[in-house]
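Subject: Structure for you to look at

Hi,

Here is the structure I promised to pass on. Have a look at it first, and then read my notes underneath.

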Amino acid sequence: MTGSPRSATGSLRLGLDRRDRHRVLVAVGVGLAGELAALGLLTTGAWLLLSASLRPPILLLSIAIGAVQLFSFLRGTARFVERLASHSLGLSLQAGLRAWLYRRLAQLVPCGLPGGDRGDLLTRLIRDTEEAQDLVVRAAVPVLAAAAAWAAAVVTAVALLPPAGGAILAAGILAAAGTVVAVILADRTAAELPAARGAVASWALGTLTAREELAALGAVEWALGQLAERESVLGARTRAAAAAAGLGRGACALAGGAGLAGVAWTGAAALRAARIGPIEFGVLVFLALGVAAMFQGLPDAVGRL
């Protein structure tokens with residue numbers, strides 16, 4: 001057992017059967033519906049706001065109002081169902097993995113456990129099994145749903161204005177590249193996190209176990225000082241990993257802003273050339289804004305993968 005994402009990925013493969021794979025597809029499909037509903041709400045709302053001043057037929061306005069209400073309802077409902085389905089699957093995988101691990105450990109106790117102290121072993125065991133749930137809830141489902149929604153946004157923008165679709169496509173590629181670089185840096189900085197967590201847990205467990213001896217020797221303050229030093233090392237390594245993750249969020253924010261600026265620039269040029277109207281221009285800008293917001297969750301999700 002290790003604290004690495006690779007071990008959790010192996011755990012996920014271990015627990016997935018045919019029924020679970022179907023549940024993953026359902027969760028991804030519902031998550032995609034929620035992302036598309038959010039984009040549809042923005043674009044339909046933009047069309048409604050911009051076209052209302054032109055006094056279109058009341059039937060057309062009624063259809064747009066109904067679409068806004070439908071997308072609003074679908075967005076909240078789909079996100080709730082997606083969270084419910086992904087958490088159910090993640091908890092199921094986590095429970096099965098823990099049962100499997102405890103059965104294996106029961107065969108090794110008391111002499112067959114790998115080297116290392118009990119605190120480090122306990123910390124790694126808990127975090128490894130928790131990562132199986134996170135891979136489903138916070139990684140696989142959000143990444144797949146966001147990728148599919150981004151592809152749909154690119155197709156929609158290309159249908160309205162091909163250069164705008166190219167801007168959204170380039171923004172997605174830039175966000176993916178920045179996320180990958182940030183994840184690589186985060187992996188390097190976080191490689192020592194499991195050992196640091198194990199050191200803190202091991203020293204805390206040892207201090208509690210030997211509390212009477214430490215009190216008799218007057219070494220309680222020394223033990224607490226040693227624990228504080230280990231916590232300081234853990235905090236420094238955690239901050240370094242958080243800084244790398246922040247770099248990914250910054251890259252995604254930059255990519256989203258660049259995509260929005262590209263869509264606005266190409267749309268303004270097309271508007272001046274009378275290739276599109278002001279309503280289509282507003283729809284494209286709101287679509288790019290929705291895609292930029294969708295990029296914000298990518299660094300954390302890809303980092304867990």
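Below is what I found, going from the whole chain down to single residues.

First, a caution: this is a predicted model. The mean pLDDT of the chain is 78, with 84% of the residues at 70 or more. Confidence is not spread evenly: helix α1 (residues 5-15) has the lowest, at a mean of 44, while α9 has the highest, at 88. The pLDDT stays below 50 over residues 1-15, although this stretch still makes 33 contacts in the model beyond its near neighbours in sequence. I'd read that end with care.

Now the overall picture. You'll see ten helices and zero strands, so the pattern along the sequence is simply α-α-α-α-α-α-α-α-α-α. The chain has 305 residues, and 37% of them are buried. Taking contacts between residues at least 6 apart in sequence, 82% join residues at least 24 apart. The chain exposes about 16600 Å², and carbon and sulfur atoms supply 67% of that area.

On to the helices themselves. Helix α8 covers residues 220-272, which is 53 residues. From first C-alpha to last, α8 reaches 76 Å, close to the 78 Å expected at 1.5 Å a residue. After α8 comes A274, in the loop between α8 and α9. What caught my eye there is the phi of A274: it is positive, near 65°, in a residue that is not glycine. A274 is also exposed, at a relative accessible area of 65%.

Helix α9 (residues 278-295) has 18 residues and reaches 26 Å between its first and last C-alpha atoms, close to the expected 26 Å. Its buried residues are I279, G282, V283, L284, L287, A288, G290, V291, A292, M294 and F295. As a reminder, an α-helix has 3.6 residues a turn, so residues three or four places apart point the same way. Keep that in mind when you look down α9.

Next, α2 (residues 18-52), where T44 sits. Is T44 buried or exposed? T44 counts as buried because its relative accessibility is 14%, under the 20% cut-off. Leaving out residues up to four places away in sequence, T44 touches A64, A67, V68 and F71.

E35 lies in α2 as well. The C-alpha atoms of E35 and R75 are 7.2 Å apart, with their positions 40 residues apart along the chain. E35 touches R79, A145, A149 and M294, again not counting residues up to four places away. One of these partners, M294, is among the buried residues of α9.

There are two other buried positions worth a look. L135, in helix α4 (residues 118-160), has a relative accessible area of 3% and is buried. Its C-alpha atom is 7.8 Å from that of G90, although L135 and G90 are 45 residues apart along the chain. T179 belongs to helix α5 (residues 162-190) and is likewise buried, at 3% relative accessibility. Beyond its neighbours within four places in sequence, T179 is in contact with C252, L298, P299 and V302. C252 falls within the residue range of α8.

How many salt bridges did the count come to? The count is one. E82 pairs with R83, and their closest N and O atoms are 2.2 Å apart. The two partners differ in cover: E82 is buried, at 4% relative accessibility, while R83 is partly exposed, at 45%.

Last, the surface. I58, L59 and I63 make a nonpolar patch of about 350 Å². I63 is in helix α3 (residues 58-108). Why does I63 count as exposed? Its relative accessible area is 53%, and the cut-off for exposed is over 50%, so I63 qualifies.

If you open only a few views, I'd start with A274 and its positive phi, then the E82 and R83 pair, then the patch made by I58, L59 and I63.

Cheers

Note on methods. Residues are numbered from 1 along each chain as its sequence is written. This is a predicted model: local features need pLDDT of at least 70, side-chain atom pairs count only at pLDDT 80 or more; totals for chains, interfaces and linings use all residues. Side-chain values use heavy atoms; hydrogens and water are left out. Helices (H or I, at least four residues) and strands (E, at least two) are DSSP runs, numbered from the N terminus. The expected span of a helix is 1.5 Å times one less than its number of residues. Buried means under 20% relative accessible area, exposed over 50%, partly exposed in between (1.4 Å probe, protein chains only). Patches are made of residues with over 30% relative accessible area and no salt bridge: like charges are joined within 9 Å, nonpolar side chains (Val, Leu, Ile, Met, Phe, Trp, Tyr) within 5 Å. Accessible areas come from the Shrake-Rupley method with a 1.4 Å probe; for residues, only the protein chains shown count as cover. A salt bridge is a side-chain nitrogen of Lys or Arg within 4 Å of a carboxyl oxygen of Asp or Glu. pLDDT is the predictor's confidence in each residue, from 0 to 100. Contact means heavy atoms within 4.5 Å.
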